[in-house]
Amino acid sequence: MTQVGIIMGSTSDWDTMRHAAATLEALGVAHETRVVSAHRTPQRLYDYATGAADRGLKVIVAGAGGAAHLPGMAAAMTHLPVLGVPVESKALKGMDSLMSIVQMPGGIPVGTLAIGKAGAINAGLLAAAILALGDADLAERLKAWRQAQTDAVAIEPA
Ligand code: RP5
């Protein structure tokens, strides 16, 4: 059953958001990917966010750039945890995306990650960590992933 929904405001966001998908793939977490624009496809956003919990999704990862209202709007329409990834924009290098996503008024939280690839990877890891609270096998896979990362750090530079 699909547990994580990865949504993004544009196909142009995929180059960033694919890293969230790849991270979940590496951890064996079932996920789906959808293009859902808050301003160009508002009905699609409404349908996705309001139906997410009933479809069995547990976490939503939402990436957007610029006036990045997608994560906040999704969070407004579901009680599921929403992790926001600020996509790097051309004009303001993603600072606009970051501020749009992180500055949610109290009451509707969006867990906001770093701008770009690092944020997408960490959104995948956080989504997995949330799911691992109720999934011992996934917790073991997550620990192994972290250990492999530790093991890959050289003692001396090459
Ligand atoms: C946002 O505008 C999207 O999330 C994307 O990051 C940005 C640019 O979108 P496109 O013009 O490439 O479709 O809505």
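Let's start with two neighbours in the fold: strand 1 pairs with strand 2 (residues 31–35) through five bridges, and the two run in the parallel sense. Keep in mind as you look that this is a predicted model. To see the pairing up close, find I6, which stands opposite T33 of strand 2. A little further on, M8 has V35 as its bridge partner in strand 2.

How does the chain get from strand 1 to strand 2? Follow it through helix 1 (residues 14–26): strand 1, this helix and strand 2 together form a right-handed β-α-β unit.

Strand 1 has a second partner too. Strand 3 (residues 59–65) also pairs with strand 1 in the parallel sense, again over five bridges. Here I6 turns up once more, with V61 as its bridge partner in strand 3. Strands of a sheet are joined through backbone hydrogen bonds, and the pairing may be parallel or antiparallel.

Now step back and take in the whole sheet. It is an open sheet of five strands in the order 2-1-3-4-5, with parallel pairing. Strand 2 and strand 5 (111–112) are the edge strands, each pairing on one side only.

Is strand 1 enclosed or open to the outside? Five of the five residues of strand 1 (residues 4–8) are buried, so the rest of the structure largely encloses this strand. In a regular strand, side chains alternate between the two faces of the sheet. In strand 1, V4, I6 and M8 point one way while G5 and I7 point the other way, and all of them are buried.

Helix 6 (residues 136–151) tells another story. Of its 16 residues, the number buried is zero, so helix 6 lies largely in the open. From the first C-alpha to the last, helix 6 reaches 22 Å, close to the 22 Å expected at 1.5 Å a residue.

Let's turn to the ligand. Which residues are around it? They are G9, S10, S12, D13, S37, A64, G65, G66 and V87. This shell divides into two nonpolar, six polar and one charged.

S10 deserves a second look. You will find S10 in the loop between strand 1 and helix 1. S10 has 17 C-beta neighbours inside 10 Å, so it counts as partly exposed. In UniProt, an unreviewed entry gives the annotation "binding site" to S10, D13 and R40. These residues are spread over 31 residues of sequence, yet they cluster in space, with a largest C-alpha distance of 14.5 Å.

Another loop residue to visit is S89, between strand 4 (82–87) and helix 4 (95–102). With 19 C-beta neighbours inside 10 Å, S89 is also partly exposed; the count needed for a buried residue is 20 or more. S89 and G116 are 27 residues apart along the chain, and their C-alpha atoms are separated by 9.3 Å.

Finally, look at the chain as the record describes it. The unreviewed UniProt entry places the feature "domain: PurE" at residues 2–153. That span is 46% helix and 16% strand, and its end C-alpha atoms lie 33 Å apart.

How values were computed: Residues are numbered from 1 along each chain as its sequence is written. This is a predicted model: local features need pLDDT of at least 70, side-chain atom pairs count only at pLDDT 80 or more; totals for chains, interfaces and linings use all residues. A residue is near a molecule or strand if its C-beta atom, placed from the backbone, lies within 6 Å of it. Ala, Val, Leu, Ile, Met, Phe, Trp, Tyr, Cys and Pro count as nonpolar, Asp, Glu, Lys and Arg as charged, and the others, Gly among them, as polar. Helices (H or I, at least four residues) and strands (E, at least two) are DSSP runs, numbered from the N terminus. The expected span of a helix is 1.5 Å times one less than its number of residues. A residue is buried if 20 or more other C-beta atoms lie within 10 Å of its own, exposed if 12 or fewer, and partly exposed in between; C-beta atoms are placed from the backbone. UniProt positions are given in the numbering used here, feature names are shortened, and annotations may be inferred rather than shown by experiment. Two strands pair if DSSP finds at least two bridges between them. A crossover is right-handed if, with the strands pointing away from the viewer, the path from the first strand over the helix to the second runs clockwise.
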